[in-house]
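Subject: Structure for your review

Dear colleague,

Please find below the structure that I am handing over to you. A description of what was found in it follows.

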Amino acid sequence: MINYYKGEPNTYIVCSRNGKVVRHGAGINFLYSPLTTTIAAIPLASQESQFIFNETTANFQEISIQGSLTYHLTDPLELAKRLDFTITPKTHVYKSEDPMQLVQRVVNSVQAHTRSEVSRRPLEDALGEVKDLASVVFDRVAVAPELKALGIELEGLHFTAVKATPEMQKALEADYRESLHKRADQAIYDRRKSAVEEERKIRESEMNTDVELENRRKDLVDMQAENSLTLAEAEAKADELKLSPYGDLPPQALIG
């Protein structure tokens, strides 16, 4: 009996007869004998997978990491040799668990490199540097030899949630609230300190003004005293000059 198989454009088909590959390609169509032919179907489109796992930080705190990854297969023919992607032609259902195990291999690689990175970071850094953590893990998984050997190329990796345990989450929230209160108290203290400093400057300015006024008043008094003394000396000198002609006269003449 001869059957007809029609491949999908985004699927790489490997047709083997008696254990030997006879044809392969993306979306190929062909006639085959079910008795002697096996068909493997490797998806060419990007694959997406969700994951969630728990890890321990450098300060021995447990966190849960949830995210998603996308990847595609760059060498489907080589992958068909390493894993069993054979399908039942009529239902297109895989005959083995290898396709699902392939996804798990990618997730395992992500988890392994995430564990390595998280174990070197304290809890606060792991929770606060999610984007940086995902970027570092992506770079490491992208060049992982075990995935390169299978022709897997990572396209994207995102950590959608990184959370501490509920108890630690409450402790962190309490600590954060306390830090907010401290910042508020510090802001009030800074405002009061600034107001006191401004008031001191105003008083100092007023005092300097008073001192300046007193210095000017003193200079004015000194000037007035000096002017009065100069005037008195001038008047005395004038009187002396007026009376000097009478100094040589005898007393009888002065009386006369």
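The accessible areas quoted in this message come from the Shrake-Rupley method with a 1.4 Å probe. The protein exposes about 17,400 Å² in these terms, and carbon and sulfur atoms supply 54% of that area. Please bear in mind throughout that this is a predicted model.

Overall composition

The protein has 256 residues, of which 27% are buried. Its secondary structure comprises seven helices and ten strands. If one takes the contacts between residues at least 6 apart in sequence, 63% of them join residues that are at least 24 apart.

The three-stranded sheet

Strands of a sheet pair through backbone hydrogen bonds, either parallel or antiparallel. In this protein, three strands form an open sheet in the order E3-E2-E5, and their pairing is antiparallel. Strand E3 (20-26) and strand E5 (37-43) are the edge strands, each of which pairs on one side only. On average, neighbouring strands of this sheet are turned by 15° against each other, direction ignored. Seven bridges join strand E2 (residues 11-17) to E5 in the antiparallel sense. To locate this pairing in the model, you may look for Cys15, whose bridge partner in E5 is Ile39.

The nonpolar cores

In soluble globular proteins, nonpolar side chains tend to be buried together. Here the largest nonpolar core contains 35 residues, and Leu69 and Phe159 touch the most other members. The elements giving two or more residues to this core are the strands E2, E5, E6 (47-56), E7 (62-73) and E10 (152-164), together with the helices H2 (98-118), H3 (123-128) and H4 (130-142). A second core of nine residues lies apart from it; Tyr5, Ile13, Cys15 and Ile39 are among its members. Cys15 and Ile39 are thus both bridge partners and members of this core of nine residues.

Which residues does Phe159 touch, if those up to four places away in sequence are not counted? They are Phe51, Ile65, Gln66, Gly67, Thr114, Val130, Leu133, Ala134 and Val137.

Salt bridges

The whole structure contains 13 salt bridges. Three of them are described here as examples.

Arg115 forms a salt bridge with Glu55, and their closest N and O atoms are 3.0 Å apart. This pair links distant parts of the chain, since Arg115 belongs to helix H2 and Glu55 to strand E6, with their positions 60 residues apart in the numbering. Are these two residues buried or exposed, or something in between? Glu55 has a relative accessibility of 4%, so it counts as buried. Arg115, at 41%, counts as partly exposed, because that class lies between the limits of 20% and 50%.

Glu78 and Arg82 meet through their side chains in another salt bridge (3.4 Å, N to O). Both residues lie in helix H1 (residues 76-82), four residues apart, which is about one turn of the helix. Glu78 is partly exposed at 28% relative accessibility, and Arg82 is partly exposed at 47%.

A further salt bridge joins the side chains of Asp132 and Arg121 (2.8 Å, N to O). This pair also links distant parts of the chain: Asp132 is in helix H4, Arg121 is in the loop between H2 and H3, and they are eleven residues apart. Asp132 has a relative accessible area of 39% and is therefore partly exposed, whereas Arg121, with 9%, is buried. Both residues take part in a network of salt bridges that links Glu117, Arg120, Arg121, Glu129, Asp132 and Arg140.

Backbone angles in two loops

Two residues deserve a look for their phi angles. Phe60 is a residue other than glycine, yet its phi is positive, near 60°. Phe60 is found in the loop between E6 and E7. Its relative accessibility of 72% is over 50%, so Phe60 counts as exposed.

For His92, phi is likewise positive and near 60°, again in a residue other than glycine. His92 sits in the loop between strand E8 (87-88) and strand E9 (93-94). With a relative accessible area of 40%, His92 is partly exposed.

Yours sincerely,
A colleague

Methods: Residues numbered from 1 in each chain as written. Predicted model: local features only at pLDDT ≥ 70, side-chain atom pairs only at ≥ 80, totals over all residues. Heavy atoms only, no water. Pairing = 2+ DSSP bridges. Axes fitted to C-alpha atoms, helices over the stretch in contact; angles between N-to-C directions. Buried < 20%, exposed > 50% of the residue type's maximum accessible area, 1.4 Å probe, protein only. Contact = heavy atoms within 4.5 Å. Core = buried A, V, L, I, M, F, W, Y, C linked by side-chain atoms within 4.5 Å. Salt bridge = Lys/Arg side-chain N within 4 Å of Asp/Glu carboxyl O.
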